[in-house]
Amino acid sequence: MERKIAVVGGGPAGMTAAIRAAEAGAFVTLYEGNDRVGKKILSTGNGRCNFSNERMGTQYYHGSGKALTEHILERFGTAWTIAFFEKLGMRIRSREGYLYPASDQASTVLDLLRYELDRRHVTVHTGKRIAEIRPQNGKFFLPSEKTAYDAVILACGGCAAPETGSDGNGFVLAEKLGHRIVSPVPALCALRCQEKYYKQVAGVRCDAEVTLFAEGRKTASERGELQLTDYGLSGIPVFQISRHAAKALQEKKTVTARISFLPDFDEDACKTFFRKRLAAGQEDEMSVFLTGIVNKKINSLLLKLVGIRETEQAGTVDAVAFERLWHLYCGLETKIVDTNGFDRAQVCAGGVDGSEVTERLMSKKLPGLYFAGEILDVDGICGGYNLQWAFASGAAAGEAAAIDR
Ligand SMILES: Cc1cc2nc3c(=O)[nH]c(=O)nc-3n(C[C@H](O)[C@H](O)[C@H](O)COP(=O)(O)OP(=O)(O)OC[C@H]3O[C@@H](n4cnc5c(N)ncnc54)[C@H](O)[C@@H]3O)c2cc1C
């Protein structure tokens, strides 16, 4: 007899789980709380959906479920995802390894998943938010549903971007079913800083290296296009390190970042650069002397921080102040006081404890219960890794739920 499977959550993980389970011969019903499935997909990759990456591996993932990614990605890695979407009809475009639908429309990914759900005869109930799952005698029952399900796949997402439907209620469901939740924090988000000077440099984008420290210990470092905002730091390198900042702040640690505006230079190279420049530009006013090094607003800010006037002649600047100035180019220290919150985070770090889940993504506490996607304590870096995890874990959970006895 075909197995009856309920999938709770119609995001990329839930939809892929439903498709794979139906493909493997199960009778599948998908429940989605929103009035439509896959709402979040539409906002991914700035509307273009960076759905995977040619560079794949466990090193791009964090969380207590990191070990699971190795097993899952072995079978459902980038090649599998490409083949899956190509089979559904999608042409794919790679931008330096970052994969997008060739249409450059996130809606393509969502449409193809929806069509496939139809083709596989998955029953989709939208506007149906599941508030309870009742296990009984090896079966699962959902409120006001007559069907006794053989397996349930929880794919409710985490709590990032709650307006798309994933507001953390999946964690409550998982907790009620006996699972430990690793306390969630926002990740892939901007960082808020203590200093007031950010308003002066808001809007600046520049190549920089950002190094994060928790209680003075280096925890992460990334280089890329830094975006300065009126409240602090944003841009891809900041997104990449944000989960470490969020975790440290959650543990009440003091978190600081050091920004190098000259990421090609170490301290010695920086010193030599400024010495040579000074030898040639003694007569220049400081604003002229610094022109061309980095963005003008950064030059002005750093001058102000060391107390050098823009009109002062370079040759007359006090040696100690001058040294402090070039040190700031190599490493401006800033205090991180908060992250940008779940509303403006792309993912959630934390979730169902990975050690309580088998390599087939089944609960070790309650056989027949499976997990897929961001509800698990697995978070990837920017670059298509989170959607890849959603598709991969969805396929793995769907297949296992359909086959396992
Ligand atoms: C702005 C933004 C941009 C992003 N860009 C990218 C990108 O380019 N590349 C990338 O890899 N990742 C990106 N991400 C991350 C990626 O979208 C998520 O990691 C991914 O969507 C997680 O998939 P999921 O299916 O696990 O959860 P979700 O996509 O959150 O879906 C969960 C679904 O479950 C439903 N649900 C929740 N609770 C219930 C319930 N009790 N009953 C029924 N239904 C329920 C929700 O309504 C939702 O539809 C981005 C995220 C955001 C917010």
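## Sheets, helices and a ligand shell

Three strands make up an open sheet, arranged in the order β3-β6-β5 with antiparallel pairing. The edges are taken by β3 (52-53) and β5 (92-95), each of which pairs on one side only. Between β3 and strand β6 (residues 98-101) there are two bridges, again in the antiparallel sense. One residue pair shows where these strands meet: S52 has L99 of β6 as its bridge partner. Strands of a sheet pair through backbone hydrogen bonds, and the pairing may be parallel or antiparallel. The model described here is a predicted one.

A second group of strands lies further along the chain. Strand β13 (residues 205-214) runs antiparallel to strand β14 (residues 217-228), and ten bridges join them. Within this pairing, R205 has Q227 of β14 as its bridge partner. The two strands form a hairpin with two residues between them, and in the turn E215 has a positive phi of about 50°. β14 is also joined to strand β15 (residues 232-234), by two bridges and in an antiparallel arrangement. Here Q227 appears again, with S234 in β15 as its bridge partner. β14 and β15 likewise form a hairpin, with three residues between them.

The next topic is the packing of helices. Two packed helices are described by the angle between their axes and the distance between the axes. For α1 and helix α4 (residues 106-119), the axes come within 9 Å and cross at roughly 35°. The crossing of α1 past α4 is left-handed. On the α1 side the contact involves M15, A18 and I19, which meet L113, E116 and L117 of α4. By class, the residues of this contact are five nonpolar, no polar and one charged.

Helix α1 (12-23) also takes part in the surroundings of the ligand: α1, α5 (169-176) and α12 (385-403) each supply at least two residues of the shell. Which helix gives the largest share of that shell? The answer is α12, with four residues. Around the ligand there are 38 residues, of which G9, G11, G157, G165 and G373 come nearest. The shell divides by class into 14 nonpolar, 19 polar and five charged residues.

Two single residues can be followed in more detail. L301 is part of helix α10 (residues 296-306). Is L301 buried or partly exposed? With 19 other C-beta atoms within 10 Å, L301 is partly exposed, because a buried residue needs 20 or more. Setting aside residues up to four places away in sequence, L301 touches Y197, Q200 and V201. Of these, Q200 is 101 residues from L301 in sequence, yet the C-alpha atoms of L301 and Q200 are 7.4 Å apart in space.

The other residue is F141, which belongs to strand β9 (residues 139-141). F141 has 17 other C-beta atoms within 10 Å, and so F141 counts as partly exposed. Apart from its neighbours within four places in sequence, F141 is in contact with R134, Q136 and A148. A longer span is given by F141 and G307: these residues are 166 apart along the chain, and their C-alpha atoms are separated by 69 Å.

Technical notes:
Residues are numbered from 1 along each chain as its sequence is written. This is a predicted model: local features need pLDDT of at least 70, side-chain atom pairs count only at pLDDT 80 or more; totals for chains, interfaces and linings use all residues. A residue is near a molecule or strand if its C-beta atom, placed from the backbone, lies within 6 Å of it. Ala, Val, Leu, Ile, Met, Phe, Trp, Tyr, Cys and Pro count as nonpolar, Asp, Glu, Lys and Arg as charged, and the others, Gly among them, as polar. A residue is buried if 20 or more other C-beta atoms lie within 10 Å of its own, exposed if 12 or fewer, and partly exposed in between; C-beta atoms are placed from the backbone. Two residues are in contact if their C-beta atoms, placed from the backbone, lie within 7 Å. Axes are lines fitted to C-alpha atoms, for helices over the stretch in contact, and angles run from 0 to 180 degrees between N-to-C directions. A crossing is left-handed if the near helix is turned anticlockwise from the far one by less than a right angle, and right-handed if clockwise. Two strands pair if DSSP finds at least two bridges between them.
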